[in-house]
Amino acid sequence: MIYRQLGTSDLQVPAIVFGSWATGGWWWGGTDDDLAIGAIRAAIDGGINCIDTAPVYGFGHSEEVVGRAIKGLRDKVLIATKCGLVWNHMFTDDDRKSLSVRHVLKKESILRECEASLDRLGTDHIDLYQCHWPDSTTALSETMEALVELMQAGKIRAIGFSNHSAEQLEECLHYGPVHCHQPKFSLLNRKNLKGVIKWTKEHNIGSIVYSPLEQGILTGKVTMDRVLAPGDERAGQFWFKPENRRRALEVLARDIQPIADAHDATLAQVCLAWTIAAPGITAAIVGARNPEQVAENLKAAELVLSEDEKAKVLAAFESLG
């Protein structure tokens, strides 16, 4: 596994980070906790020692499962979780989907969320604590005050943001350190590469990107006849719509499969290898529901594409517009 420095923090993160969004179940059409725990432990054994989660992933469920998975292994794992998406805590399993989630990054709320995450994860500190989405109702100075206070108290080791703009991150730097930003990025969604990812590279801030496989489209396994399970909210996403899915699959088959075949690799491994080699990207978050998917992700970190191959991969997806 390749490990990289995360900005100016003291953290070394793997180029492939384990993503536990699907572990929460909500949005992804359910989950199997035992398989998820097996996947997390397989990732740790294989060198993927950073787990990315968030309270809103299953409304606490993902953090709880991660906590169970890392029990007895805490000294071997970096935990990255988030704050800022708050819901009504009184719910049943049947009405989780109807919950109203609000963007809240006020100091009092962040401090309360951090304690709840520590409890669910079964730990006394969080390695990377990230503000999930911007909150237009709260000054960034107040948000940073909370994060700096948590870091000084030893409850978090590094400060991060997700889905924020370069301008917002620049303002945050007036109030304390910013070690990492987590933007969306994939070969099908490249706009941040020349935007906030370029900016963070210039300011020595780490960039851990999410959805590098566009929620599964770039694996080539979401074929035209694939029927998503009830409750799988991906069905309404842009690249999952039949006409767009067909276009993506055609590019994968025509342009990416020959490169994959040359390396005895999968489509997903080629796309991930390209992503973690892109300028300014520290790591990519990749989900896995079982140990077999973890094994595939591990091999992506070992795959080295030539400059010519990387150019061909990019040109293929640029043809989609």
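Strand β8 (residues 126–131) is largely enclosed by the rest of the structure, because six of its six residues are buried. Keep in mind that this is a predicted model.

So who sits beside β8? Here are its strand partners, with the facing residues.

| Partner of β8 | Sense | Bridges | Facing pair |
|---|---|---|---|
| β5 (residues 78–83) | parallel | four bridges | C83 opposite C131 |
| β9 (residues 156–162) | parallel | five bridges | C131 opposite F161 |

C131 turns up in both rows: it stands opposite C83 on the β5 side and opposite F161 on the β9 side. The link from β8 to β9 goes by way of helix α4 (residues 140–152), and the three together make a right-handed β-α-β unit.

F161 deserves a closer look. Setting aside neighbours within four places in sequence, F161 touches Q130 and C131. Its contacts also include T143, M144 and L147, and helix α4 spans residues 140–152. Others on the list are L169, C172, V178, C180, H181 and Q182.

Which residues have the most contacts inside the largest nonpolar core? They are F18, Y129, F161, V270 and F317, in a core of 87 residues. Helix α8 (residues 267–277) gives this core its largest share, with eight residues. Apart from this core lies another one, of 14 residues, with L11, A80, I208 and Y210 among them. As background, nonpolar side chains tend to be buried together in soluble globular proteins.

Methods
Residues are numbered from 1 along each chain as its sequence is written. This is a predicted model: local features need pLDDT of at least 70, side-chain atom pairs count only at pLDDT 80 or more; totals for chains, interfaces and linings use all residues. Side-chain values use heavy atoms; hydrogens and water are left out. Buried means under 20% relative accessible area, exposed over 50%, partly exposed in between (1.4 Å probe, protein chains only). Helices (H or I, at least four residues) and strands (E, at least two) are DSSP runs, numbered from the N terminus. Two strands pair if DSSP finds at least two bridges between them. A crossover is right-handed if, with the strands pointing away from the viewer, the path from the first strand over the helix to the second runs clockwise. A nonpolar core is a set of buried Ala, Val, Leu, Ile, Met, Phe, Trp, Tyr and Cys residues joined through side-chain atoms within 4.5 Å. Contact means heavy atoms within 4.5 Å.
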